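Here are a few exercises to help you find your way around a new structure. Take a look at the model first, then work through each solution step by step.

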Amino acid sequence: MSSDKEPLFSAKNLKLITTPLGAQNPITIQVLGICSALAVTVKLEPAIVLSISVMFVTVFSNLIISLLRNTIPARIRIIVQLVVVAALVIIVDQVLKAFAYEVSLQLSVFVGLIITNCIIMGRLEAFALGNKPWPAVLDGIGNGAGYGMILIIVAFVRELFGTGNLTLPGIGAIQVIPDVFYEWGYANNGFMILPPMALIVVGIIIWVQRSRDKDLIES
Amino acid sequence: MDRQGNTYTFLYASIMVIVVAAILAFLAQSLKPLQDKNAAVAKKMDILKTIQIESTASDAEAKFEKYIGENAYVLNIDGQKQEGEAFTVDLAKEIKKDKADQAYPIYECQLDDGSKKYVIPVRGKGLWGPVWGYVSLNEDKNTVFGATFGHKGETPGLGAEITAENFQKQFAGKQLFDKNGAFASIAVVKQGQSAGDLHKVDGISGGTITSVGVSDMLQDCLSGYEKFLKN
């Protein structure tokens with residue numbers, strides 16, 4: 001890097017946020033974090049809260065690992081990353097239990113499962129270990145948002161067609177499909193609630209994204 | 001110091017673990033009072049909900065005091081009052097003991113219209129972890145007034161639906177004892193088989209193990225109150 005001071009939001013830095021939303025999306029392109037995309041996308045509310053929690057963890061784990069990057073012994077770097085991620089996840093869990101008890105009840109096991117989210121370790125290995133703290137933070141925001149975006153889209157589709165409702169944090173379930181539809185013979189698709197449907201919805205998103213952006217298609 | 005050497009690696013790992021452990025221990029300790037209070041308030045809200053009193057996190061304690069207050073006590077298997085604070089009884093530990101040694105907490109509630117309700121806490125096993133709940137009975141100690149359930153980690157959309165209003169409202173009006181006065185409990189059965197039966201409610205399709213868990217929980221926990229309820 002040159003010795004000139006780079007502006008905080010230079011074009012290069014902004015790209016760190018925008019590429020994970022599209023061409024380098026952690027779920028649809030890098031196919032990381034699929035596991036939680038299956039588990040928490042039955043309803044919209046937990047998907048939104050989990051997205052925020054994951055973003056918190058990606059940002060701060062990227063920051064901490066990037067600050068420590070020159071001191072971490074190479075042989076135990078994965079363990080160091082894991083300890084940092086696990087500590088952050090426990091912090092999220094404890095804070096939710098103390099200040100957002102209702103939400104923490106709904107998310108229950110899923111908060112703990114953030115530790116196993118491949119995106120976090122993936123970004124630490126691929127980015128934070130080799131970059132300065134500020135770009136690492138931006139990369140964390142970008143990847144957290146890219147992950148959350150897909151999670152929310154999938155949850156939206158699954159909850160809408162699976163139960164006819166949408167649940168939002170702080171508001172609760174809202175019936176979106178009017179009762180008239182049910183009288184006309186429309187039925188909720190129970191398959192939407194089952195895990196395979198999450199994979200199929202993610203698959204459809206990947207398909208749509210690749211057919212719009214030909215560069216993403218491997219030869 | 002050699003950054004790749006063994007000494008450095010060991011030192012680094014030890015210091016990191018101690019620092020992280022200290023931070024987490026401090027955090028857990030400082031947040032514990034808040035978390036315990038949240039859990040207690042949530043428990044009071046659940047108990048109030050069974051007797052159809054809506055409460056929020058802010059007014060749950062006042063309402064609990066008003067409708068229940070001191071009228072909570074612990075029973076033994078013979079239905080007699082014994083020492084102990086009903087609210088602090090840990091059912092998770094009690095249900096592991098022998099039936100005869102268990103403490104059976106019960107809450108007596110006086111509603112605005114003067115009627116008296118009994119609230120009994122229950123706890124059992126679901127598919128992934130514990131399930132629990134509260135059953136409220138009318139003054140006849142037989143007819144169910146209301147029920148609420150909670151769970152640790154049942155599958156969302158399937159087993160977790162035991163917390164849904166539609167599942168819980170089925171319990172109102174069901175009875176614990178059959179015509180001959182024998183304890184019959186309330187069974188959670190396959191959908192569509194409960195019509196007209198005073199001792200059965202519809203289960204959740206796709207959540208069979210959780211439904212059976214709720215069924216067993218009611219049978220196991222409520223049967224311990226049999227002597228008290230018959231008096």
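**Exercise 1.** This is a predicted model. Find which residues A:V57 touches, leaving out residues up to four places away in sequence.

*Solution.* Start at A:V57 and look for its contacts: they are A:V85, A:L88, A:V89, A:V92, A:I114 and A:I120. Next, place A:V57 in its setting: together with A:L151 and A:V154, it touches the most other members of the largest nonpolar core, which has 48 residues. Then look at the helices of chain A that give two or more residues to this core, among them α3 (44-68), α4 (77-99) and α8 (133-163). The largest share, 9 residues, comes from α3(A). Finally, turn to a second, separate core of 46 residues, which includes B:Y107, B:V135, B:I204 and B:C221.

**Exercise 2.** Work out how α3(A) and α8(A) are oriented to each other.

*Solution.* First take the geometry: the two helices pack at an angle of about 165 degrees, and their axes are 8 Å apart. Angles over 145 degrees count as roughly antiparallel, so α3(A) and α8(A) are roughly antiparallel to each other. Now check the handedness: α3(A) passes α8(A) in a right-handed crossing. Last, sort the residues of this contact by class, which gives 19 nonpolar, 8 polar and 2 charged.

**Exercise 3.** Describe the side of chain A that touches chain B.

*Solution.* Begin with the counts: 19 residues of chain A are in contact with 22 residues of chain B. On the chain A side, α4(A) gives the most, with 8 residues. Sorted by class, that side has 13 nonpolar, 3 polar and 3 charged residues.

Terms used. Residues are numbered from 1 along each chain as its sequence is written. Chains are lettered from A and ligands numbered from 1 in the order in which they are written. This is a predicted model: local features need pLDDT of at least 70, side-chain atom pairs count only at pLDDT 80 or more; totals for chains, interfaces and linings use all residues. A nonpolar core is a set of buried Ala, Val, Leu, Ile, Met, Phe, Trp, Tyr and Cys residues joined through C-beta atoms within 7 Å. A residue is buried if 20 or more other C-beta atoms lie within 10 Å of its own, exposed if 12 or fewer, and partly exposed in between; C-beta atoms are placed from the backbone. Helices (H or I, at least four residues) and strands (E, at least two) are DSSP runs, numbered from the N terminus. Two residues are in contact if their C-beta atoms, placed from the backbone, lie within 7 Å. Ala, Val, Leu, Ile, Met, Phe, Trp, Tyr, Cys and Pro count as nonpolar, Asp, Glu, Lys and Arg as charged, and the others, Gly among them, as polar. Axes are lines fitted to C-alpha atoms, for helices over the stretch in contact, and angles run from 0 to 180 degrees between N-to-C directions. Angles under 35 degrees count as roughly parallel, over 145 as roughly antiparallel, 65 to 115 as roughly perpendicular and the rest as oblique. A crossing is left-handed if the near helix is turned anticlockwise from the far one by less than a right angle, and right-handed if clockwise.
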